[in-house]
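Subject: Structure handover

Hello,

Here is the structure we talked about, with the sequence alongside. My notes on it follow below.

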Amino acid sequence: MSAPVAPRWLIIAGIASLLWNFMGVWSFVTNWQMSKTGYVGLPDAQRELWSAMPTWTWVAFAIAVGCGTAGAVALLLRKGLAVPLFLVSFIAIIVQFSWPIFMTDAFSTMGAELVTFPVVLVLFGALQWYCARIWRARDWLN
């Protein structure tokens, strides 16, 4: 008996996931390289957050985008390794944003602006992991 044939749209999903994660890599690199003077154009609350961001949040950011990108590549190669890579990325996204949301008082000054984009990232990370799990269960990933 042969393995189930993956639908063609799986490649489109993989490319979309890869492009999304490349945007995350670009965001990490540009933010990492931003000097203290580069923060000048940001609103005060954002500038204070970026300037005070602890090292562990940068590590979580790097893990999130690195594993997410690797997961997207694994998805394109139809490898089941996409599932744990997307899980690690998803967890790292949550860890990364736990600091500004739960460990600072930034919500009092920024309000919903502080959580809007992180919620989108968490949802997309969860979606990547969830879909990869389903696709592996259907034997579309090996």
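**Helix packing**

H1 and H6 cross in a left-handed sense. Their axes lie 12 Å apart and make an angle of about 150 degrees. On the H1 side the contact is made by Trp 9, Leu 10, Ala 13, Ser 17, Trp 20 and Asn 21, and on the H6 side by Val 120, Leu 121, Phe 124, Gln 128 and Trp 135. Sorted by class, the residues where H1 meets H6 are eight nonpolar, three polar and no charged. Please keep in mind that this is a predicted model.

H6 also packs against H4, with an angle of about 165 degrees and 8 Å between the axes. The two helices, H4 and H6, are therefore roughly antiparallel, the cut-off for that term being an angle over 145 degrees. The crossing of H4 and H6 is left-handed. From H4 the contact takes in Ala 82, Val 83, Pro 84, Phe 86, Leu 87, Phe 90, Ile 93, Ile 94, Phe 97, Pro 100 and Ile 101. Among the H6 residues they meet are Leu 114, Val 115, Pro 118, Leu 121, Trp 129, Ala 132 and Arg 136. By class, the contact of H4 with H6 comprises 19 nonpolar, two polar and two charged residues.

**The chain as a whole**

The protein chain has six helices and zero strands, so the order of elements from the N terminus is α-α-α-α-α-α. Along the principal axes, its C-alpha atoms fill a box of roughly 60 × 25 × 25 Å. The protein chain has 142 residues, of which 37% count as buried. Taking contacts between residues at least 6 apart in sequence, 76% join residues at least 24 apart.

**Cores**

The largest nonpolar core has 16 residues, and those with the most contacts inside it are Leu 10, Leu 75, Ala 82, Phe 86, Ala 132, Trp 135 and Leu 141. At least two residues of this core come from each of helix H1 (9–33), helix H3 (55–76), helix H4 (82–102) and helix H6 (112–137). Another core, of ten residues, lies apart from it and includes Phe 28, Val 65, Trp 99 and Ala 106. As a general point, nonpolar side chains in soluble globular proteins tend to be buried together.

Two members of the larger core are worth a look. Ala 132 sits in helix H6 and counts as buried because its relative accessibility is 0%, the limit being under 20%. Outside its neighbours within four places in sequence, Ala 132 is in contact with Ala 82, Val 83, Phe 86 and Leu 141. The C-alpha atoms of Ala 132 and Lys 79 are separated by 9.5 Å, with these positions 53 residues apart along the chain. Leu 141, with residues up to four places away in sequence not counted, touches Leu 10, Leu 75, Arg 78, Lys 79, Gly 80, Ala 82, Ala 132, Trp 135 and Arg 136.

**Single residues**

Thr 69 is in helix H3. With 13% relative accessibility it counts as buried. Not counting residues up to four places away in sequence, Thr 69 touches Leu 18, Asn 21, Phe 22 and Val 25.

Ile 101 lies in helix H4 and, at 22% relative accessibility, counts as partly exposed. Beyond four places in sequence, its contacts are Leu 114, Val 115 and Pro 118. Ile 101 and Val 115 are 14 residues apart in sequence, and their C-alpha atoms are 7.0 Å apart in space.

**Backbone**

Most residues other than glycine have a negative phi. Which residue in the loop between H3 and H4 is one to check? Arg 78 is found there, and its phi is positive, about 60 degrees, although it is not a glycine. Arg 78 counts as partly exposed, at 29% relative accessibility. Asp 139, in the segment after H6, also has a positive phi, near 65 degrees, and is likewise a residue other than glycine. The relative accessible area of Asp 139 is 44%, so this residue is partly exposed.

Regards

Key
Residues numbered from 1 in each chain as written. Predicted model: local features only at pLDDT ≥ 70, side-chain atom pairs only at ≥ 80, totals over all residues. Heavy atoms only, no water. Core = buried A, V, L, I, M, F, W, Y, C linked by side-chain atoms within 4.5 Å. Buried < 20%, exposed > 50% of the residue type's maximum accessible area, 1.4 Å probe, protein only. Helix = DSSP H or I, 4+ residues; strand = E, 2+ residues; numbered from the N terminus. Contact = heavy atoms within 4.5 Å. Axes fitted to C-alpha atoms, helices over the stretch in contact; angles between N-to-C directions. Parallel < 35°, antiparallel > 145°, perpendicular 65-115°, else oblique. Left-handed = near helix turned anticlockwise from the far one by under 90°. Nonpolar A, V, L, I, M, F, W, Y, C, P; charged D, E, K, R; others polar.
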